[in-house]
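Colleague: Please take me through this model step by step, and begin with a term that we shall need for the fold.

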Amino acid sequence: MKKPVCKSCFADIQDKSLITWLSPKPILCDRCLGSERRLMRFSTQGKHKIYSLFEYASPVKDWLFRYKTLNDFEMRSVFLYPFGWTLRLLAKKWVFALVPTTGQAYRDRGFDHLEEMLGYVGIKAVKPFAKDDGPSQKNLAYGERMKVRERISLRGPAPLAGKKVLVFDDVMTTGATIEACLDLALEGGAKSATGIVLMENLGMNIHSHISNL
Ligand SMILES: [Zn+2]
(Lines give C-alpha, C1' and ligand atoms only; values in the text may rest on other atoms or scores of the structure.)
Protein backbone atom coordinates (compact mmCIF):
# COMPACT_ATOMS: atom_id res chain seq x y z
CA MET A 1 0.00 0.00 0.00
CA LYS A 2 1.23 3.49 -0.88
CA LYS A 3 2.34 5.45 2.17
CA PRO A 4 0.36 8.63 2.78
CA VAL A 5 2.24 11.88 2.28
CA CYS A 6 2.22 14.71 4.85
CA LYS A 7 0.13 17.61 3.54
CA SER A 8 2.44 20.15 5.15
CA CYS A 9 5.98 18.98 4.31
CA PHE A 10 5.23 16.26 1.70
CA ALA A 11 7.36 13.64 3.50
CA ASP A 12 6.12 10.01 3.74
CA ILE A 13 4.19 9.51 6.97
CA GLN A 14 5.69 6.85 9.27
CA ASP A 15 3.76 5.26 12.14
CA LYS A 16 5.87 6.69 14.91
CA SER A 17 3.33 8.23 17.28
CA LEU A 18 0.06 6.94 18.67
CA ILE A 19 -2.07 9.49 16.82
CA THR A 20 -0.51 8.61 13.46
CA TRP A 21 -0.71 4.89 14.15
CA LEU A 22 -4.37 5.05 15.25
CA SER A 23 -5.51 7.29 12.42
CA PRO A 24 -6.98 5.34 9.48
CA LYS A 25 -5.93 8.16 7.17
CA PRO A 26 -3.04 10.19 8.62
CA ILE A 27 -2.76 13.70 7.18
CA LEU A 28 0.29 15.16 8.88
CA CYS A 29 3.62 13.61 9.82
CA ASP A 30 4.57 13.54 13.49
CA ARG A 31 7.16 16.28 13.01
CA CYS A 32 4.55 18.67 11.55
CA LEU A 33 1.96 17.70 14.18
CA GLY A 34 4.59 18.44 16.84
CA SER A 35 5.42 21.85 15.36
CA GLU A 36 1.88 23.24 15.71
CA ARG A 37 1.79 25.92 18.39
CA ARG A 38 -1.34 25.02 20.29
CA LEU A 39 -2.82 27.64 22.56
CA MET A 40 -6.04 25.92 23.72
CA ARG A 41 -7.23 28.61 26.07
CA PHE A 42 -10.14 30.94 26.71
CA SER A 43 -9.95 34.70 26.41
CA THR A 44 -12.70 37.29 26.71
CA GLN A 45 -14.02 39.55 24.01
CA GLY A 46 -16.57 42.06 25.24
CA LYS A 47 -18.86 39.95 27.44
CA HIS A 48 -18.07 36.72 25.61
CA LYS A 49 -15.69 33.80 26.04
CA ILE A 50 -13.60 32.77 23.07
CA TYR A 51 -11.59 29.55 22.88
CA SER A 52 -8.45 29.67 20.71
CA LEU A 53 -6.95 26.45 19.34
CA PHE A 54 -3.62 27.73 17.98
CA GLU A 55 -1.28 30.69 18.17
CA TYR A 56 -1.13 32.90 15.11
CA ALA A 57 2.20 31.48 13.97
CA SER A 58 3.74 28.97 11.59
CA PRO A 59 2.94 26.33 10.54
CA VAL A 60 -0.83 26.83 10.98
CA LYS A 61 -0.63 30.39 9.64
CA ASP A 62 1.11 29.10 6.49
CA TRP A 63 -1.45 26.34 6.06
CA LEU A 64 -4.21 28.92 6.20
CA PHE A 65 -2.47 30.97 3.52
CA ARG A 66 -2.25 27.92 1.24
CA TYR A 67 -5.90 27.12 1.93
CA LYS A 68 -7.58 30.52 1.87
CA THR A 69 -5.39 32.62 -0.38
CA LEU A 70 -3.95 30.02 -2.78
CA ASN A 71 -7.27 28.10 -2.75
CA ASP A 72 -5.56 24.76 -1.95
CA PHE A 73 -8.73 22.83 -1.10
CA GLU A 74 -6.74 19.79 0.10
CA MET A 75 -5.64 21.83 3.13
CA ARG A 76 -9.16 21.76 4.57
CA SER A 77 -8.20 18.57 6.40
CA VAL A 78 -5.13 19.74 8.35
CA PHE A 79 -6.55 22.30 10.79
CA LEU A 80 -8.99 20.39 12.97
CA TYR A 81 -7.55 16.91 12.45
CA PRO A 82 -6.21 16.49 16.03
CA PHE A 83 -9.38 18.02 17.54
CA GLY A 84 -11.93 15.98 15.57
CA TRP A 85 -13.27 13.80 18.38
CA THR A 86 -13.51 16.74 20.85
CA LEU A 87 -15.41 18.87 18.36
CA ARG A 88 -17.79 16.01 17.47
CA LEU A 89 -18.51 15.58 21.17
CA LEU A 90 -19.30 19.32 21.46
CA ALA A 91 -21.51 19.13 18.37
CA LYS A 92 -23.87 16.74 20.21
CA LYS A 93 -25.06 19.61 22.43
CA TRP A 94 -23.93 22.78 20.70
CA VAL A 95 -24.70 24.15 17.25
CA PHE A 96 -21.65 25.28 15.29
CA ALA A 97 -22.43 28.58 13.56
CA LEU A 98 -20.02 30.04 11.02
CA VAL A 99 -18.82 33.62 11.01
CA PRO A 100 -20.08 34.93 7.65
CA THR A 101 -18.01 35.24 4.48
CA THR A 102 -19.05 37.94 2.02
CA GLY A 103 -20.63 36.73 -1.19
CA GLN A 104 -17.63 38.15 -3.03
CA ALA A 105 -15.05 36.20 -0.97
CA TYR A 106 -17.04 33.00 -1.49
CA ARG A 107 -17.23 33.55 -5.25
CA ASP A 108 -13.49 34.28 -5.45
CA ARG A 109 -12.53 31.13 -3.52
CA GLY A 110 -15.15 28.76 -4.83
CA PHE A 111 -15.74 27.14 -1.41
CA ASP A 112 -16.67 28.17 2.13
CA HIS A 113 -13.37 27.60 3.93
CA LEU A 114 -14.91 27.33 7.42
CA GLU A 115 -17.69 24.97 6.34
CA GLU A 116 -15.20 22.64 4.60
CA MET A 117 -12.81 22.69 7.58
CA LEU A 118 -15.54 21.56 10.00
CA GLY A 119 -17.15 19.28 7.41
CA TYR A 120 -13.91 17.31 7.13
CA VAL A 121 -14.14 16.29 10.81
CA GLY A 122 -17.81 15.39 10.40
CA ILE A 123 -19.49 18.55 11.68
CA LYS A 124 -22.36 20.11 9.80
CA ALA A 125 -22.34 23.82 10.69
CA VAL A 126 -25.14 26.31 10.22
CA LYS A 127 -24.79 29.71 8.55
CA PRO A 128 -27.15 32.03 10.41
CA PHE A 129 -25.19 35.25 9.73
CA ALA A 130 -25.01 37.37 6.60
CA LYS A 131 -22.30 39.88 5.73
CA ASP A 132 -22.59 42.62 3.13
CA ASP A 133 -19.85 42.87 0.51
CA GLY A 134 -17.37 45.59 1.45
CA PRO A 135 -13.63 46.24 1.53
CA SER A 136 -11.49 43.25 2.52
CA GLN A 137 -10.87 43.22 6.26
CA LYS A 138 -7.12 42.82 6.10
CA ASN A 139 -6.85 46.18 4.31
CA LEU A 140 -8.77 48.01 7.02
CA ALA A 141 -7.30 50.03 9.86
CA TYR A 142 -8.45 49.30 13.42
CA GLY A 143 -11.23 51.93 13.55
CA GLU A 144 -12.55 50.76 10.21
CA ARG A 145 -12.67 47.16 11.41
CA MET A 146 -14.98 48.17 14.19
CA LYS A 147 -17.50 49.16 11.54
CA VAL A 148 -17.62 45.49 10.50
CA ARG A 149 -20.39 45.11 13.06
CA GLU A 150 -22.74 47.21 10.94
CA ARG A 151 -22.32 44.84 7.98
CA ILE A 152 -23.34 41.64 9.83
CA SER A 153 -26.94 40.53 10.38
CA LEU A 154 -28.97 37.44 11.24
CA ARG A 155 -30.68 35.63 8.37
CA GLY A 156 -34.34 34.70 8.52
CA PRO A 157 -36.57 34.56 11.62
CA ALA A 158 -34.69 33.53 14.77
CA PRO A 159 -32.34 30.85 13.33
CA LEU A 160 -30.55 30.36 16.68
CA ALA A 161 -33.45 30.74 19.13
CA GLY A 162 -33.19 28.39 22.11
CA LYS A 163 -29.88 26.91 20.94
CA LYS A 164 -26.48 26.67 22.59
CA VAL A 165 -24.25 28.21 19.97
CA LEU A 166 -20.53 27.92 19.20
CA VAL A 167 -19.53 30.63 16.75
CA PHE A 168 -16.55 29.48 14.66
CA ASP A 169 -13.95 31.58 12.82
CA ASP A 170 -10.40 31.10 11.57
CA VAL A 171 -8.45 34.16 12.77
CA MET A 172 -9.35 36.51 15.60
CA THR A 173 -7.50 39.81 15.32
CA THR A 174 -9.47 42.67 16.83
CA GLY A 175 -12.28 40.25 17.67
CA ALA A 176 -14.86 42.68 16.24
CA THR A 177 -16.37 40.18 13.81
CA ILE A 178 -16.80 37.30 16.23
CA GLU A 179 -18.05 39.64 18.96
CA ALA A 180 -20.70 41.01 16.58
CA CYS A 181 -21.82 37.46 15.76
CA LEU A 182 -21.95 36.44 19.44
CA ASP A 183 -23.99 39.55 20.31
CA LEU A 184 -26.39 38.81 17.45
CA ALA A 185 -26.76 35.18 18.51
CA LEU A 186 -27.82 36.24 22.03
CA GLU A 187 -30.08 39.03 20.73
CA GLY A 188 -31.62 36.39 18.47
CA GLY A 189 -32.59 34.24 21.45
CA ALA A 190 -29.69 31.77 21.69
CA LYS A 191 -29.49 30.05 25.10
CA SER A 192 -25.70 30.62 25.17
CA ALA A 193 -23.03 31.80 22.75
CA THR A 194 -19.31 31.02 22.91
CA GLY A 195 -16.63 31.58 20.30
CA ILE A 196 -14.09 29.10 18.92
CA VAL A 197 -11.27 30.35 16.72
CA LEU A 198 -8.51 28.50 14.97
CA MET A 199 -5.95 31.21 15.75
CA GLU A 200 -5.74 34.24 17.94
CA ASN A 201 -3.50 36.99 16.54
CA LEU A 202 -1.93 37.96 19.86
CA GLY A 203 0.31 40.72 18.51
CA MET A 204 -2.63 42.56 17.00
CA ASN A 205 -4.73 42.12 20.12
CA ILE A 206 -2.07 43.61 22.39
CA HIS A 207 -1.80 46.52 19.98
CA SER A 208 -5.55 47.09 19.95
CA HIS A 209 -5.73 47.00 23.77
CA ILE A 210 -3.01 49.64 23.97
CA SER A 211 -4.70 51.88 21.42
CA ASN A 212 -7.88 51.60 23.49
CA LEU A 213 -6.25 53.00 26.65
ZN1 LIG B 1 5.14 16.86 7.70
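Modeller: Two residues are in contact if their C-beta atoms, placed from the backbone, lie within 7 Å. This is a predicted model, in which local features need pLDDT (the predictor's confidence in each residue, from 0 to 100) of at least 70 and side-chain atom pairs count only at pLDDT 80 or more, while totals for chains, interfaces and linings use all residues. Residues are numbered from 1 along each chain as its sequence is written.

Colleague: Among contacts with a separation of 6 or more, what percentage comes from residues 24 or more positions apart?

Modeller: The chain holds 9 helices and 7 strands, which are DSSP runs numbered from the N terminus (helices H or I, at least four residues; strands E, at least two). Of the contacts in the chain with a separation of 6 or more, the part made by residues 24 or more positions apart is 70%.

Colleague: Which element of the chain has the lowest mean pLDDT?

Modeller: The chain as a whole has a mean pLDDT of 87, with 88% of its residues at 70 or more. Over residues 205-213 the pLDDT is below 50, and this stretch has 4 contacts in the model beyond near neighbours in sequence. Strand β3 (residues 95-98) has the highest mean, 98, and the lowest, 50, belongs to helix α9.

Colleague: Why do the buried residues of α3 line one face of the helix?

Modeller: A residue is buried if 20 or more other C-beta atoms lie within 10 Å of its own, exposed if 12 or fewer, and partly exposed in between, with C-beta atoms placed from the backbone. In α3 (residues 60-69) the buried residues are Val60, Trp63, Leu64 and Tyr67, while the face turned away from them carries the exposed Asp62 and Thr69. The buried residues line one face because their directions, taken from the helix axis to the C-beta atoms, fall within an arc of 100°.

Colleague: How many of the 8 residues of β1 are buried?

Modeller: Strand β1 (residues 38-45) runs antiparallel to β2, to which 6 bridges join it, and Arg38 has Phe54 of β2 as its bridge partner. Strand β1 lies largely in the open, because the number of its residues that are buried is 0.

Colleague: Which helix gives the largest share of the largest nonpolar core?

Modeller: A nonpolar core is a set of buried Ala, Val, Leu, Ile, Met, Phe, Trp, Tyr and Cys residues joined through C-beta atoms within 7 Å. The largest one has 46 residues, and Phe168 is among those with the most contacts inside it. The largest share, 7 residues, comes from α8.

Conventions:
Two strands pair if DSSP finds at least two bridges between them.
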